[in-house]
Amino acid sequence: MKIVVPVKRVIDFNVRVRVKPDQTGVEFANVKMSMNPFDEIAVEEAVRLKEAGKADEVIAVSVGVKKAEDTLRTALAMGADKAILIEATDDVETDIEPLAVAKLLKAVVEAEDAGLVICGKQAIDNDVNGTGQMLAALLGWSQGTFANTLKVEDGKAEVTREVDGGLQIVSVKLPAVITTDLRLNEPRYASLPNIMKAKKKPLEVKSASDFGVDVTPRLSVVSVNEPPARKAGVIVGSPAELADKLKNEAGVL
Amino acid sequence: MAVLVFAEHDGKVLSEAVAKTVTAATQMGGPVHVLISGTGAGDVAGEAAAIAGVEKVLTAEDAGYDHALAEPLGDLIVGLAGDYDHIVLAASTTGKNVGPRVAALLDVMIVADIIGVESADTFVRPIYAGNAIQTVKSSDAKKVVTVRTTAFEAAGEQAAVGIESHGATAAGGLSEWLDDRFAQSERPELTSARIVVSGGRALGSADNFKLVEQLADKLGAAIGASRAAVDAGYAPNDWQVGQTGKIVAPDLYIAVGISGAIQHLAGMTGSKVIVAIDKDEEAPIFKVADYGLVADLFEAVPALIEALDD
Ligand SMILES: Cc1cc2nc3c(=O)[nH]c(=O)nc-3n(C[C@H](O)[C@H](O)[C@H](O)COP(=O)(O)OP(=O)(O)OC[C@H]3O[C@@H](n4cnc5c(N)ncnc54)[C@H](O)[C@@H]3O)c2cc1C
Ligand SMILES: Cc1cc2nc3c(=O)[nH]c(=O)nc-3n(C[C@H](O)[C@H](O)[C@H](O)COP(=O)(O)OP(=O)(O)OC[C@H]3O[C@@H](n4cnc5c(N)ncnc54)[C@H](O)[C@@H]3O)c2cc1C
């Protein structure tokens, strides 16, 4: 079985993102970019399935700018076997919408005859949380989102999902799309020898038009603004003072 | 054209998110119809019929829709979509699971996690963990939208409108529900509670986390946690507050031993009053706190519980 793992290049989670003064977007200049953390978890899970003999090949795919090659090399260094970059834009600030990404991924999944896709549950830049579900819909596959535990068995997968009420356990028929939650695993660090080896692994470069997919966005950004700021508060001297403020000043108790 | 709101319920009561989702739906246009699916849909339909702004309630009682599995539910909603311009779900784990599936089946983009409605096609949503607020306009013929319910007031009540049963049956086969591990609790629900007390890594153990629970119980509050506390096993996953957990906006949020990473702040800066208790005066949580207490939590929290009694 082949596993496709979509990986997205995003602004590193440690970066404090700033809105551009002209309100057209956020600042990308000189900002550290990394693999979306949920996608590291996805790569890790796929590689573990391969190590356990449940998969033959792990294919990392990224849709975006040429620089997303770096993200794919990271996936290869973590243990993916090959990578596909779909160049869909040459502007880092142009984000390809999940619907278009899902259409491109569908084409890859079909061309590779993959049996499982493991996506991140959400990209931490746009926080849409939609690509995996959209891909499952387009393929007519089942979906196991927000996975906390994944057990792949014959023809199906048992997925423990992190849901609002706690945990939900479902069995999904394979092929399926799984999306990762934070507690699925702890991704490994790529070792230096593996980073060197990754440079020799195959990385195909394609373009969105190779797949005949129209990536024209359906949503247009009207403006991007700073969130409202909170006014500065006060430091209180003791638990007793805090209790007093809450009871007599804040009006919340 | 009309707006379809998908309503969640547990077989006995309607989710508190529904009345808030209806408020957002009303702002997109009207009339608003509410869809309730699965066993017990008929029993809770009356509650939905009495939410102000609702014109009609549709029920699809088939047990195949139980547990809100995305595949049958997606088909059900897509089957009804012809009559609607907007399909609106709460941005709960169910809404996030089903909404994008419905959108893709209709070949439209999902408009996720909105906090405002500017017009029928223009919506406001946070991006980058709330560090930026984006206004987007959809050019799709149909809009599939998930709503951050903490950003909308609950709609009021009205004399009940009509309830129609929709005879759809779920096609099974793609996925199957096996089990729910839901802790039963007498405490208020986290995303709609008036007061939330959250604990972080500083608690150090599941046993110590009881201190947070004691303070919460003293205040009749719901309990939250940072990701670090959940990862370490001090608190269950459904208590995680933040960018990738739950979004809360209570009247009072008390953060205990939480440093205030942006991913955590993304989930709670909509709170009216924020209290932070942390021993590090440099902790970023103090930048958003209305009341900060620089202290060791193991002394401060018991003292606060006592002081609240006086
Ligand atoms: C003209 C225009 C300009 C825009 N400009 C901006 C802007 O400046 N700033 C901004 O924040 N938004 C912008 N947007 C919004 C943006 O297009 C979407 O909101 C965004 O694409 C949502 O995606 P997500 O990454 O959050 O997806 P999610 O659904 O959250 O991603 C989930 C998972 O899907 C997979 N995945 C997603 N995308 C990819 C990918 N490209 N390659 C591989 N795998 C992937 C990964 O596994 C990921 O973990 C713009 C939109 C338009 C139309
Ligand atoms: C992809 C991704 C998603 C994430 N999503 C979320 C999310 O949704 N929610 C979330 O919360 N985090 C999230 N995080 C994690 C986030 O970045 C932080 O790591 C996390 O919030 C830290 O938790 P904490 O504040 O409990 O721990 P720490 O940052 O370790 O802070 C502990 C605090 O306790 C204080 N302290 C220690 N001992 C005492 C004492 N005795 N008395 C008083 N104070 C004490 C310390 O001074 C410190 O400020 C995410 C991270 C990533 C990469």
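Reader: In this predicted model, which element gives the largest share of the shell around ligand 1?

Author: Several elements each supply at least two residues of that shell: strand 4 (57–64), helix 3 (98–112), strand 6 (116–120) and strand 12 (219–225) of chain A, plus strand 7 (122–127) of chain B. The largest share is 3 residues, and it comes from strand 4 of chain A.

Reader: Okay, and where does ligand 1 sit, and which residues come nearest?

Author: Ligand 1 lies between chains A and B. There are 32 residues around ligand 1, and the ones that come nearest are Lys8(A), Asp39(A), Val63(A), Asn126(A) and Leu219(A).

Reader: How much of ligand 1 does the protein bury?

Author: Let's start with the polar partners. Oxygen atoms of ligand 1 are 2.9 Å from a polar backbone atom of Ile96(A) and 3.0 Å from one of Gly120(A), while a polar side-chain atom of Gln134(B) lies 3.2 Å from a nitrogen atom of the ligand. Taken alone, ligand 1 exposes 980 Å², and the protein buries 93% of that.

Reader: Over to ligand 2: which elements give two or more residues to its shell?

Author: Ligand 2 also has side-chain partners to look at: polar side-chain atoms of Ser226(B) and Ser259(B) each lie 2.6 Å from an oxygen atom of ligand 2, and an N or O atom in the side chain of Gln240(B) is 2.7 Å from an oxygen atom. Taken alone, ligand 2 exposes 990 Å², of which the protein buries 85%. The elements giving two or more residues to the shell are helix 1 (37–51) of chain A, together with helix 6 (227–231), helix 7 (262–265) and helix 8 (297–309) of chain B.

Reader: How do the residues of the shell around ligand 2 divide?

Author: Ligand 2 lies between chains A and B, with 30 residues around it. Those residues divide into 13 nonpolar, 11 polar and 6 charged.

Reader: Back to Lys8(A): which residue does it meet in a salt bridge?

Author: The two partners sit in distant parts of the chain, 87 residues apart. Lys8(A) is in the loop between strand 1 (2–6) and strand 2 of chain A, and its partner is in the loop between strand 5 (82–87) and helix 3. That partner is partly exposed, at 34% relative accessible area. The N to O distance is 3.0 Å, and the residue is Asp95(A).

Reader: Why does the salt bridge of Lys231(A) and Asp290(B) join two chains, and which end is buried?

Author: Their side chains meet at 3.6 Å, N to O. Lys231(A) lies in the loop between strand 12 and strand 13 (234–236) of chain A, and Asp290(B) in the loop between strand 15 (273–278) and strand 16 (291–294) of chain B, so the pair joins two chains. At 62% relative accessibility Lys231(A) is exposed. The buried end, with a relative accessible area of 11%, is Asp290(B).

Reader: Is Lys20(A) buried or exposed?

Author: Lys20(A) lies in the loop between strand 2 (9–11) and strand 3 (33–35) of chain A. Its side chain makes a polar contact with the side chain of Glu93(A), at 2.5 Å. Buried means under 20%, so with 15% relative accessibility Lys20(A) counts as buried.

Reader: Which residues form a nonpolar patch on the surface?

Author: One member, in helix 5 (residues 192–198) of chain A, is Met196(A). Met196(A) is partly exposed at 44%. The patch has about 290 Å² of accessible area together, and its residues are Leu192(A), Ile195(A) and Met196(A).

Conventions:
Residues numbered from 1 in each chain as written. Chains lettered and ligands numbered in written order. Predicted model: local features only at pLDDT ≥ 70, side-chain atom pairs only at ≥ 80, totals over all residues. Heavy atoms only, no water. Near = heavy atom within 4 Å. Polar contact = N/O pair within 3.5 Å; in protein donor to acceptor, adjacent residues only side chain to side chain. Areas by Shrake-Rupley, 256 points an atom, 1.4 Å probe, with all protein chains shown as cover. Helix = DSSP H or I, 4+ residues; strand = E, 2+ residues; numbered from the N terminus. Nonpolar A, V, L, I, M, F, W, Y, C, P; charged D, E, K, R; others polar. Patch = residues over 30% accessible without salt bridge, like charges linked within 9 Å, V, L, I, M, F, W, Y side chains within 5 Å. Salt bridge = Lys/Arg side-chain N within 4 Å of Asp/Glu carboxyl O. Buried < 20%, exposed > 50% of the residue type's maximum accessible area, 1.4 Å probe, protein only.
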